[in-house]
Each structure stands twice: as structure tokens, then as C-alpha cells.
Amino acid sequence: MAQGVNIENFSFWYGPTQVVKNISLSAPERQVTALIGPSGCGKTTLLRSINRMHDLTTGTRSEGRITVGEEDIFSAAVDPVDLRRRVGMIFQTPSPFPHLSVYENVAAGLRLHGLARGKEIAERVEACLCKAALWEEVKEHLHRPGALLSGGQQQRLCIARALAVEPEVFLMDEPCASLDPVGTMRIEELIGELKHDYTVLIVTHNMHQASRISDQTAFLLNGEMVEVGITKEIFLAPQDPRTEAYLTWKIG
Amino acid sequence: MQEIRRASYSGTREGLFHYITFLAALGLVALVLGIFFLVTMQAAPAWRAFGFSFLTTSIWDPMHNEFGAVPALVGTVLTAILALVVATPLSVGTAIFLSEMLPQRLRRPLSFMVELLAAVPSVVYGLWGLFVLAPWLRTGVGQFLTDHLGFLPIFAGPSLGIGVLTSSLVLAIMVLPTITAISGEVIRGVPTGLREAMYALGATRWEVITRVILPTSKPGIVGALLLGLGRAIGEAIAVTMVIGNANLLPRSLFAPAQTMASLIVNEFPEAFDLHLSALLLLAALLFLITLAINIIAAWFVHRPSPDATATDKESVWARLLPKGGG
Amino acid sequence: MKNIQKRKALGALFEVLCVLAAGVAIMVLALILYYVFRRGVAVVNFSFLTSLPTPVGVAGGGIGNALIGSLLMVGLGALIAVPVCIAGAIYLDQNPASKLAAYARFATRVLSGIPSMVVGLFVFSQLVLRTGHYSALAGGVALSIVMAPVITLSAEEMLRLVPSSQREASMALGATKQQTVFRLILPGAAGGLIVGVMLAVALAAGQTAPVLLTALTSRFWLTSLAQPTASLPVLIYHYATSPFADWQAHAWGAALVLVAVILVLNVTAQVLLGLINRRR
């Protein structure tokens, strides 16, 4: 089920501006890969390239290869709509659909892809909410609007919603940026669970978070990859002076 | 704060300045109250004379001082609703096309053009309806409908080119720019995050439109439609030009009819006493109906959404201002 | 699992319907402008713009008196509405939370929703019937009521855009409220106020019912504010509904002039607004 992500010599332009410069990175399956770096370093752009979110914006251009499993995502045989089902994404701001209940938010993807029918839907919704560690908190009010939950609950609802369509990879774009410490902790615990079944790529500003949850960390600066390696090694003994500067400035 | 306020009253010029602006603001309130009370006061004799039978009888006979507004009421409601039936798919479709399917570069000028057409005066829409649309409905489409669908009561009788159908179409064209502009604004106000969340689940663009964008902007679109309805109900000149002005219950879409506003336009010069009062009663009803519709519309447009992504209320209000018409 | 090709095809189908709707809507609206232009251009020339109407069957004739009448009544309307509405907007801006401000805002919004025909009948029954004659003055009053909400609401919005930091700085320098309004807020919002007035003028210029019911029309040059007065929209209405071909042709000519003026006003206002926003 889980698939690794392989990025080879990938570059990306917004109009004339190059924001990702010839990056190669391999995110092994069932591991958490953290992308860190200062604002504007291209980490979010890189993340959003993996599910071809940029196809929705005009004036963008990319070069290089990205594969999910064995498949080149830019090949003509790959439909971006189908790719996005296989590569789930969690955004910086929790975005439950405001017009739908908790239940319907999770069922949205099931209905979209016709993945379940009738009673099956209810079972799948419950399973996904359980997996997202939200079931106990919402089982009494499944039919209330999802937007009425707390920020952290909303984000877990979004994870449940993404789980429902059976993705192979999870992309997370600063999922805790708008959450309080308790909400953040719950999401981090959840990511620890998710990596048993999925490949996770996470963009984060929070160095502590990267060191706590990731197996592998990549440090980006000005669109270039400065360093990538096992998280512990990167944090304890960075090879590149720029990484060290960033980490010490950030941490110390 | 208290200190500053007191200080501002100290100088007499300051006091005068405050007083003048205060009077101006009061004047605006007084104007609306004045219009409402003077119109209803002058409408009162007709209401006393006929009461509810004004709203339930069909004879409108100024010669014998008998006034029943049913044909005008039916004509007003019928043309306005038909106009909305035609305008809704066109304007919502256009709004979707402009906001969701066009690249930004083309969207700006095209939306601007559509909005600009809201400023074209209604008499020009009436002129076009009378000399371009009406002949076309008389000969081309009208002939076709009478020949092939004439057995249906709604297409019974000869198509004269002017009547209920023509008025409804002219009204539909008139309200189209307004509904399109407001719906477009509401649609563009849907947070990018929601669109992206749906795309990220593996939805096609159309699925994003129907499952996220339209449901979340539904209140705003309903508000836009209500505003269009209010405008269609109050429209006078364009309708007067193409409805045929026959104070009868329309028997088919081709039949001439009358609306409340067109009745006033046609009869105000010769009206006095009870007749005038009856016309003012129509005006008072128009006032109340459009007021109610506009208040409900504003409530829909401004209804707080559950996730507090409030759009700029004032700019939406600016949209509610009339641009053309009259 | 639903077939993705099927879903895409269905989406494409409905998207085509949207394109069609937009095509129809834009085409119809373009068609209206096209007819106004084509039929109007055939009639409009210098003497059309400057002569009096002629009786049926007499060649020539134009819209000179209607043009002047419209200009005068719209000008009159602006003369009444602009000072009152801007003063009102200053009150709303200076006392945003007061009770009167809330009532005035609501009143303005109600006013903007009243059919202009009702405004016309109101002025007809209050001014025309009381004075005993249709007049340019009554027309101007009716148009001022039509313009009032546009000017007030746009002015309030424009005044509010003057940042509070600047206002506080002015007050801190010891300026009174009045000085702050006249030296800081009004000059700062001037461009926006002009845009609002232009839009109101464009709206008023196209009004038929309020003018028809108050100023009626006239075949002569204007000599006094107290007599019936011709205007472009009413002339279009009368000529269009007349049975005479040459009058009908003149209606198109007048429509071209009216639409041109209104569109130019609107486009200029939008361009101005764009400039103001860019500078901010």
C-alpha cells in the first residue's frame, strides 16, 4: 500500500523565478521525511509538486522526475486527479468543508470516488475517525458541522478525510502551524501511528517537531537542497556549516 | 475619549460643524421615513375604500372608481419569476465560467464588461426589447411556438411580439449582469483552502465546483437572485415598453399584461383623488415588497458562514447599490 | 470504484454548459450594445445633438433640448445630493457607533433598494401636484433622491479608508475634529469621493421613471426651472413607443448618446478607483 517517493533533479519555476533548484530526494516508504528550512526556501513548493497541485496554477513550470512507487507522476499515463487520490495532503490551515457535518466530511472522498456504498460508508467513516484518533471525541455529534470542532480536532478530521480515500503517501504542509501545544502533540502522535502504514513527507518550521517525529530530514535553502540524512545525525552533527548555522540559530 | 469629545464641542465652529453633519445624517433618515409615511398616507384612502379586495379583485376601472390590482399583481409576479427562471442558469453559469474556468488575465476584462452592462439604463433595454427582441419573437420563435406548441395553453393565441414573454426576457437580460457580478464575487470569496482540500482528495474541477464551491456560496447566490428578483419587480420603464399594457389576467405567455410599475407609468398623468390614491397604494406595496426582498437578500449575502471566513461586508454592500434601471 | 474517465467526461459536459451560458449571456449583452451603436450612429451628428425636435414628418430635428434638460436635472440632483450626502457620510465616519449612524446607514440601504419608480411617484405627488406643474426642479429633486444612497455609501467607505493612525496624529498635533476632517480626511478621500459622485451621476442620467413622473417632457428649449423639461431617457421612451419611424430612429440616436456618456463615466470611475487603490 505505502509507496516511496523519489525526486530526481527536480526544478520548479513560478513564471521567471526559479524556486526549486535541481533537488534530488528519496523518501522511503513507511518513514517520515521532514523538509525544513527558512520561509521561502521552496519546501512547500516541492511538497505541492508531489501531488501536482501546481497544475491548478497557471504560469508554473517544472523539470526533472518525481516517482511515486514505480510510476513517474509527470508521465502522460498519470491523471493528476487520480494521483491526488493516491497522494493525500494536509494543509497548514485546517480546512474541513464548512457546509458538511463531521460525518459527511469524512464521507466526501468515499462518495467522490464511489469507494463505499450504504452501510459500508458508515463503517469506513468510523474506521477513519478511529485511525485519526478522533472517534471518541466526535462519536456523539457526528452530524454537527465539522467547522465547529477545535482547531486540533479539525486537523485530525482533515487527516481522517484524507485517510478515507486510501492514499499511499501523506503530504503535510506545516500541519501544526495554527494549533496549540496540545493539538500539536496529538497530531505528532498521530503521525507516529500513520507511518506504520504510509509514507509521510512533512514540511515544518518547528525544529523540535522535525527532530521528534521524522526519520529523515532534508534542509533546504534558497531552493537548493543543502543536506539530507538521518534526522538524528543531521541534528547532532550537521555536515554543512549552513545547516549548523540554521539549527543553532533556530534552536540555541 | 470623553475629554476629546467635550473639547470638540467647545468652539462654536466645532459645534456648528458637528451639528451640520448631524442634520445631514438625520436628513437621510427623515427622507426614507418621509417617503414611506407620505406614500402610505396618500395610499390610505384607497386602502380604506377597498381594503383587501384591492388585492383580490380584478376590475381596474378609473371611470367608475373601482380598483382591483390582481392583474397587475399577477403580471408583476409572473414576469419577475419567469425572468429569474431564465436568468438564474445563465447568470450562475456565467459566474462559474468567469470565476472558476477562466485564467485571471481574461477574467478581469470579461467580468468588468458584464458588470458594466449593469449600468446600461433600463430604457435602452426596453428599446432593444421593443425593436429587436419583439419582432423576433413575433415572427421567428413566436411563429414556431404557436405552430408547434400552440395547443399548450401557455403558448395559446397569436404572438404579438409584446407581452408577458417579451417582458420576462427583457427583465432577465437586465438582471443578468447584477446576479452574475454578485454571484461571481461570492464564488471568488470561497477560501482557496477549501478548493485545494477538495482537489487534494482527487476531485475533478467540476466536482470541486459542485461539491464545495456552490454549496458554500449558496447563501450568497440566493441573495444575489433575490436582489435580481427585487429589481425585476420594481422595474418600470423597460416593462412598460414591451408588456402591451393590457390590464387583464394574462392567459398565455404571448398575452399582453400589466405590472404594478407599468400601471403607474401608464396612468399617473390622468390620476387624481381615489385613482391617484390607488396608484400610490401600488407604490406602497412595491416599496414594502422590494424592501422585504432586499432585507432577506442582504441577510443571505451577509450571513456569517460557519467557519468565519467573512468576506468584506461593505464591499458586498456596495454591490447591492443600483447601477442602472429606472 | 467510479471510473475516473466517466467522472471527467461528466464534468466536461457540465463545464461546456457553463461556457454556453456565458456565451449566450455575453452575446445577448454585446448584441444590445451592437444595435445601439449601429442604429444610433446612423442618426447622430452635430445638428442632431444641437437642434430641437421637429414635428412628425419634418426632416431633421434632434435632441438638443433633451441633452440640456438631462444635464441640468442631473446637475441639480448632484447639487442637492452631494453636499448633504457627504456631510452625512462625515457624520457616519466621525460617529460610527452612534444610534443615528446606525439608522442613517439602514435608511440609506433601504433607499438604495426602493424602485426608482416609487421615488418618482413620491415626488410627483408631493411636488408636481402641490405646485401644479411638472418642472425641472422636481426632476432634480427626484434624481437627488436616486443619487443619495450611492454617494453616501461610497463616501462613507472612502472616508473610512483614511487610516486612523493619520487621524490620531492630526489630533495629537492639536487639530480639532473639524480641522482634521477638512485638512486630512476630505483631501485624502477626494479621489474616492469623486468616483462615487461619478457613479451616482451615471446612474441618475439613465433614470426614466423618476424624471418622467416629475419633469415630463417638452419640445422646446428650457427657459425656466419651473416648467416641464425634456430629458434623454424620457425622449427615448416617448420616441420608441411612438408609431413614427423617424422618431423611432431618433430614439436609437439618443440611446447611443446616453449609453456612451454612462459607459464613459463608469469606465473612468473604475480607472480612477484602480489608480487610487494602486497608490494606497
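Colleague: What is the relative accessible area of C:Arg167?

Modeller: This is a predicted model in which local features need pLDDT of at least 70 and side-chain atom pairs count only at pLDDT 80 or more, while totals for chains, interfaces and linings use all residues, and side-chain values rest on heavy atoms, with hydrogens and water left out. Residues are numbered from 1 along each chain as its sequence is written, and chains are lettered from A and ligands numbered from 1 in the order in which they are written. A residue is called buried under 20% relative accessible area, exposed over 50% and partly exposed in between, with a 1.4 Å probe and protein chains only. By that rule C:Arg167 is buried, because its relative accessible area is 15%.

Colleague: Which residue meets C:Arg167 in a salt bridge?

Modeller: A salt bridge requires a side-chain nitrogen of Lys or Arg within 4 Å of a carboxyl oxygen of Asp or Glu, and the partner of C:Arg167 satisfies this with an N to O distance of 2.9 Å. C:Arg167 sits in helix 7 (residues 164-172) of chain C and its partner in helix 3 (residues 64-94), so the pair ties together parts 74 residues apart in sequence; helices here are DSSP runs of H or I with at least four residues, strands are runs of E with at least two, and both are numbered from the N terminus. The partner counts as buried, at 11% relative accessibility, and is C:Asp93.

Colleague: How many residues apart are C:Glu156 and C:Arg105?

Modeller: C:Glu156 and C:Arg105 form a salt bridge whose closest N and O atoms are 2.8 Å apart. C:Glu156 is buried at a relative accessible area of 7%, and C:Arg105 also counts as buried, at 16%. The pair links distant parts of chain C, with C:Glu156 in helix 6 (residues 136-160) and C:Arg105 in helix 4 (residues 99-113), and the distance along the chain is 51 residues.

Colleague: Which residue of chain C forms a salt bridge with B:Glu207?

Modeller: Over all chains the rule gives 23 salt bridges, and this pair crosses between chains, from helix 9 (residues 205-234) of chain B to helix 1 of chain C. B:Glu207 counts as buried at 7% relative accessibility, and its partner likewise counts as buried, at 8%. The closest N and O atoms are 2.7 Å apart, and the partner is C:Arg7.

Colleague: What area is buried between chain C and chain B?

Modeller: The contact, meaning heavy atoms within 4.5 Å, takes 90 residues from chain C and 84 residues from chain B. Buried area is the accessible area, taken with a 1.4 Å probe, that two parts lose on being put together, summed over both. Carbon and sulfur atoms give 79% of the area between chain C and chain B, which comes to about 7500 Å².

Colleague: Which helix gives the largest share of the side of chain C that touches chain B?

Modeller: Between chain C and chain B the count is two salt bridges. By class, the touching side of chain C has 61 nonpolar, 20 polar and nine charged residues, where Ala, Val, Leu, Ile, Met, Phe, Trp, Tyr, Cys and Pro count as nonpolar, Asp, Glu, Lys and Arg as charged, and the others, Gly among them, as polar. The largest share, 20 residues, comes from helix 1 (residues 4-41) of chain C.

Colleague: Which residue of chain A forms a salt bridge with C:Lys8?

Modeller: Six residues of chain C are in contact with nine residues of chain A, and about 670 Å² is buried between these chains, 51% of it on carbon and sulfur atoms. The count between chain C and chain A is one salt bridge. Its closest N and O atoms are 2.8 Å apart, and the residue of chain A is A:Asp79.

Colleague: How many salt bridges does the rule find across the interface of domain 1 and domain 2 of chain B?

Modeller: Chain B is divided into domain 1 (1-50) and domain 2 (69-320), with bounds from an automatic or database domain assignment. The two domains bury about 840 Å² between them, 87% of it on carbon and sulfur atoms. The side of domain 1 that touches domain 2 has ten nonpolar, two polar and no charged residues, and the number of salt bridges found across this interface is zero.
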